[in-house]
Each structure stands twice: as structure tokens, then as C-alpha cells.
Amino acid sequence: MSDAAETLCQRARKGDLSAASELVTAFYQQIYAYLRRLSGNDDDAADLTQKTFTRTWQSLGSYQHRSKFSTWLHGIAYHVYLDWRRKRNLGDPQTDEWWETQAANSPTPFENTVERESAHQLYRWVDELDDEKKQAVHLHYYQNLPLSETAEVLGVAVSTVKYRLREALTFLRSRTTAANSIPERKTS
Amino acid sequence: MNDTTIENILFHAPRPVAPPDLLRRLQAEITLRRTEPAPQKARDLRSPFRRWFPALAFCVLLVSCAIMIAVQGNWTTNLKRQNETLRATTANLPQLREQHTAWEQDRAQQDELDQLRKDNQELQQLKAEAARLQKMAADTHRLQNENQQLTAKLNAPTPTTAPGQNFFDEAQQQAERIQCVNNLKQIGLAMRIWAGDNNGKYPTSLVVMSNELSTVKILICPSDKGRADYKSLTFGEFQDNMTSYQYLAQPDDETHPDCITAICPIHHNYLLADGSVQQINPEKIREVKKDGRLYLERIDGTPFR
């Protein structure tokens, strides 16, 4: 996919519309999902996706092929989100119903209801993380980007990304531990 | 719930599905700008220099600093060496000053010696010059006598030489020479008589010895024909410049028996202070002036007697 994306990108730089169209087809779902999780509603996510690709075509001439195209595209999406966030001051938190709807609409490995509820609860706690840690979790876990690409998108060192992910996991573990202990006390 | 479980859950987070018309809208909004490859290539060519410019500038600065440090180190080393040399020189300064003073004294002495040598050389030259001048003066005196003799010969009436008369002429000349010697001997005798009456002092002129001389004819050389007329004069009429002889006597000549007191310039007869008369050949004997007096000396410099 990566080599194919690079080839399409080079063709698009030469003005090939079909190649650009193929790039959109290949990446728009991934970018939309990333922005949808961050922005909190479908319309804003669609607008941000459109802005991301518009800026992609504008900046395509300056793409130096130093990183993969998907990484570069995620970097643009990240900055588009930051601009949007700065204008809007605060993103909408995801509702519990939205996560449940997403879980119901998409395939999931959690067959057990208890596990599925625990997963939903975990996703909601991720939204409670501060921005830096949340971005690291979204890009690395949700978008499946490697650590190096995550660091490149965020413009930080890999060690920083590792630190933020470690902090995020500690936070989530503490929350899950706390959540598991409360019912036990109630039952006792 | 451990970290692995949490990571597993996060990795399998549900992916939101995009609206169905989003793809169409995105494809419709694609606006591509054709990029020119040439400028990109040119930028690529320039990019290595641009990329390495800060490092190169830093390297140049570093090399410049290293060169400056090396040059300054070299200067410092040279200055240290000069300082050590100057210190070593300063340590020997009193000794050098003493040596310098001694050297200056030696030089002054050497200069003085050179000056003395020059003075001595000039003195020798002056002595040689004086000797030469004395010789020239003696020659001048002799030439003067010869001149007087020649003048007397020119003034004398030329005898008409007749054939066979040379013998008589020579006899006449011989007789006159002998008469001249006789005159000088009488003058010498008169001088000694006069000196006996005057505390051993010789007279300063011939005329004062009128009492000691019998006649004025004694004061005229028989060959001096120009003064023959003076023979008839009396001592009262006779004057010193009328005599044929050069009178050179000084009052204390009696203590210098070899000095000349009277000369006949015609015959080269010399009256000495001891009263003797010498007939000399001018080519072998010459006059020499010593201590204000005239003496006779051989041409080769040996004494006359």
C-alpha cells in the first residue's frame, strides 16, 4: 500500500486526477475516523476531512517523500484539527451512545457483554486524557501508526511518545482498577 | 485489567464509517496544481550546500580559531625565547659593561698610538724636508759664489790672447792665486792680532783692522780687476763693500777653529778661524752651515779635516 501510495502521489503531483482520486479512496475512511473520534460529531468530521484533503492537494508540491504518505496525511489532519480546535476552544466529548453505536455497527473481538462494556468505558476514559496523551493514543492505537510515525505526526521524539503512552496506560489502568473495586465494596 | 488487555482493547477500537457522499465530495474537490520538475531539480542541486552551509560555516570558524590559536602560540613561544635571551644577556650586563669600558680604553690608546705614529711620520718627513732645504741652501750659497765668480770673469777685461801666450796667462793666474792666499793669510794674522787686543774677540768687519793691516791692497783680490781702482784708497776712504772677500767672522770664532771667517769667491780660497787658508776644489768640497757658522765639508759628507 505504501509503495502504491507513493506512486499515486507522484502521479498526482504531475496533475493526474485519477491518481488523486485513488488516494482519496484509499485514505478518506482512515482520516475521517481519526477526525470523527476527535471532533465528536459527523458534520465536523466530514468538514475537517474535506479541509484535510484540500490542504493536501495545495501542499502536494512541497511533499519531499521523507516520510510515508499516510504519515504526512495524518500530520495535515492533526494540524487541521488543531486549527479547528483553536477556533472552537473545546471539542465535544463522545457520548456513551455513540461508542455503543459504533461498537454495534463495527466488528469487534469482544463477544462477552461485560468485556464490551469495559471497552466502551475505556474509550470514554481515553477522552478524559489531556490532549497530548489523547493524541498519542489516537494515532498509535486507534489509527495503528507505528511509534516513529506517531512521533513524526506530533512533531516530537519517539521517546516522548513512549512516555505519553505509558502515562496514558497508567491512567487507564488506575481507572479500571478503581471501577472494579467499587462494585466489590457495594456487594460486601 | 493489565496493560496488554488495555492495549488490545485500544487497538481494536471501533472505526467510524464515513458518510456515503463524502467520497464523492472529496473527489469533486480535487484541485491539483501541476508542479514543474526543473526548479525542483535545481533546488535539489542547491540543497546539499544549503543543508551543509551551517556546518561548513562552523567548520571554517573552527579552523580559523585553530589557526589563530596556533599563530598566537607561535608568537608566545617566540616572545618567551626572546625574553629568556634578554634575561641571559642582562645577567652578564656588568661584565659586558666592564669589557666594553676596557675595549673603549684600548681603542682610545690605539687611536692615540695611531696619532703618534702619524705625528712621527710627519716629523720624519719634516726632518727630511729640512735636510733637503739645508742642502738646497748650501747649493744656493755655492751657486751664488759661482755666480759672483762668473760675474767677475765677465767684468774682467778680456785679454787679447796671442798665440803662445797661454803659458804666461796661466802663470799670471797662478801668481794671482798665490797672492790671494797671501792676502787672506795676512787678514787672518791681523784678525788674531786684533783679537789679542780685544779680549779674544774677532772684529766684525775688515775695515776696523786698519791698524793691523799695512795697506788696503790686502783687501782686494789681485784677480778682481773690477776693484783694482780701490787699491789706491786709504783706510779712511775704504769701505767694507769695496773688498773682494766675503768677511764672515763672528766675535767668538776663535773657539771654533774650523769655521770659515773669509772667502775669496774668485779663487775659492777659504780663511778659517785658526788662521789657515784652504784652496779647495768646489767639486769635492762644499760649504755647510752649522750653528750659524759655515764649515767646509766633503761632498760625501765626511769632515774636511
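H7(A) and helix H1 (residues 3-11) of chain B pack with their axes 8 Å apart, at an angle of about 75 degrees. Angles from 65 to 115 degrees count as roughly perpendicular, so H7(A) and H1(B) are roughly perpendicular to each other. Keep in mind that this is a predicted model. Here's a quick tour, starting from that helix pair and moving out to the rest of the two chains.

**The H7(A)–H1(B) contact**

- On the chain A side, Val137(A), Tyr141(A) and Tyr142(A) of H7(A) make the contact.
- Glu7(B), Leu10(B) and Phe11(B) are what H1(B) brings to the contact with H7(A).
- Sorted by character, the residues of this contact come out as 5 nonpolar, no polar and 1 charged.

**Where chain A meets chain B**

- Zooming out, 40 residues of chain A are in contact with 27 residues of chain B.
- Quite a few helices of chain A chip in: helix H1 (2-13), helix H2 (17-39), helix H3 (42-59), helix H5 (96-105), helix H6 (113-128), helix H7 (131-142) and helix H9 (158-187) each supply at least two residues of the side that touches chain B.
- H2(A) gives the most to that side of chain A, with 11 residues.
- The residues on the side of chain A that touches chain B split into 20 nonpolar, 14 polar and 6 charged.

**Chain A overall**

- Chain A has 9 helices and 0 strands, so if you read its elements from the N terminus on, you get α-α-α-α-α-α-α-α-α.
- Of the 188 residues of chain A, 36% count as buried.
- Take the contacts in chain A between residues at least 6 apart in sequence: 58% of them join residues at least 24 apart.

**The sheet in chain B**

- Chain B has an open sheet of 4 strands in the order S1-S2-S3-S4, and the pairing is antiparallel.
- S1 and strand S4 (277-279) of chain B are the edge strands, each pairing on one side only.
- Helix H5 (residues 166-197) of chain B packs on the sheet, where it touches S2, S3 and S4 of chain B. The direction of H5(B) makes about 15 degrees with that of S3(B).
- Strand S1 (residues 246-247) of chain B is joined to S2(B) by 2 bridges, and the two run antiparallel. Within that pairing, Tyr247(B) has Ala262(B) as its bridge partner in S2(B), while Gln246(B) has Ile263(B).
- On to the next pair: S2(B) and strand S3 (residues 269-272) of chain B pair in the antiparallel sense over 4 bridges. One of the partnerships here puts Ile260(B) with Leu272(B) in S3(B).
- The hairpin of S2(B) and S3(B) has 4 residues between the strands, and His268(B) takes a positive phi near 60 degrees there.
- Strand S2 (residues 260-264) of chain B is mostly covered, with 5 of its 5 residues buried.

**How far to trust chain A**

- The mean pLDDT of chain A is 84, and 81% of its residues reach 70 or more.
- Confidence within chain A is highest in helix H8 (residues 147-154), at 94, and lowest in H5(A), at a mean of 65.
- Over residues 184-188 of chain A the pLDDT is below 50, and this stretch has 0 contacts in the model beyond near neighbours in sequence.
- H5(A), with that mean of 65, is also among the helices that supply at least two residues of the side of chain A touching chain B.

Terms used. Residues are numbered from 1 along each chain as its sequence is written. Chains are lettered from A and ligands numbered from 1 in the order in which they are written. This is a predicted model: local features need pLDDT of at least 70, side-chain atom pairs count only at pLDDT 80 or more; totals for chains, interfaces and linings use all residues. Two residues are in contact if their C-beta atoms, placed from the backbone, lie within 7 Å. Ala, Val, Leu, Ile, Met, Phe, Trp, Tyr, Cys and Pro count as nonpolar, Asp, Glu, Lys and Arg as charged, and the others, Gly among them, as polar. A residue is buried if 20 or more other C-beta atoms lie within 10 Å of its own, exposed if 12 or fewer, and partly exposed in between; C-beta atoms are placed from the backbone. Two strands pair if DSSP finds at least two bridges between them. Axes are lines fitted to C-alpha atoms, for helices over the stretch in contact, and angles run from 0 to 180 degrees between N-to-C directions. pLDDT is the predictor's confidence in each residue, from 0 to 100. Angles under 35 degrees count as roughly parallel, over 145 as roughly antiparallel, 65 to 115 as roughly perpendicular and the rest as oblique.
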